[in-house]
Amino acid sequence: MRIRAAMATALASAGILLAGWQSGAHVAETTTSTTTSLSSSMSAGSSAANGSTGTSGSTAESTTAATYDGASVQTRFGTVQVQVTIQNGKITEVTPLQLTDAERKSAQISSRAAPVLRSEVLRAQSANVQTVSGATVTSEAYLTSLQAALDAANF
């Protein structure tokens, strides 16, 4: 009986460790796979290839707008990635490049949450905004990707 209890405890501990390791691996993957791109807003709709890290030779106070791609954040409902445009030291646009779409319901939630998050970010001028009720996973992934883009922009 003691052997069974010890085995059950060991298996439970191993399961907890494995789950924690996978969560940590996901977070590490998200932060290490941060891809940023820099492109001029003068060439509308263009962006640098993913995987390249953009650096700007000008300061945040320049009049040229620069766009930065945030990290692709994997969620259980799909991938979320946003792009931020900064001009004259201000966030002027936040564009979702990818939103959760694993199911029809998650696509509906994303399409409802993205405009709310965009307006809140533009108002706050940072990624420090509250998540949208009913869209917590999407909101957190959106804000994580946004923060990666802002970090790349040294904003």
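Trainee: Is Thr85 buried or exposed?
Mentor: This is a predicted model, where local features need pLDDT of at least 70, side-chain atom pairs count only at pLDDT 80 or more, and totals for chains, interfaces and linings use all residues. Residues are numbered from 1 along each chain as its sequence is written, and side-chain values use heavy atoms, without hydrogens and water. Buried means under 20% relative accessible area, exposed over 50%, partly exposed in between (1.4 Å probe, protein chains only). Thr85 has a relative accessible area of 11%, so Thr85 is buried.

Trainee: Which strand holds Thr85?
Mentor: Strands (E, at least two residues) and helices (H or I, at least four) are DSSP runs, numbered from the N terminus. Thr85 is found in strand E4.

Trainee: How are H2 and H3 oriented to each other?
Mentor: The axes, lines fitted to C-alpha atoms over the stretch in contact, give angles from 0 to 180 degrees between N-to-C directions. Those of H2 (residues 104-124) and H3 (residues 136-152) come within 10 Å and cross at roughly 45°. Under 35 degrees is roughly parallel, over 145 roughly antiparallel, 65 to 115 roughly perpendicular, the rest oblique. H2 and H3 are therefore oblique.

Trainee: Which residues does Leu143 contact, leaving aside neighbours within four places in sequence?
Mentor: Contact means heavy atoms within 4.5 Å. On that basis, the partners of Leu143 are Leu117, Val121, Ala127 and Val129.

Trainee: Which element gives the largest share of the largest nonpolar core?
Mentor: Such a core is a set of buried Ala, Val, Leu, Ile, Met, Phe, Trp, Tyr and Cys residues joined through side-chain atoms within 4.5 Å. This one has 24 residues. Six residues, the largest share, come from H3.
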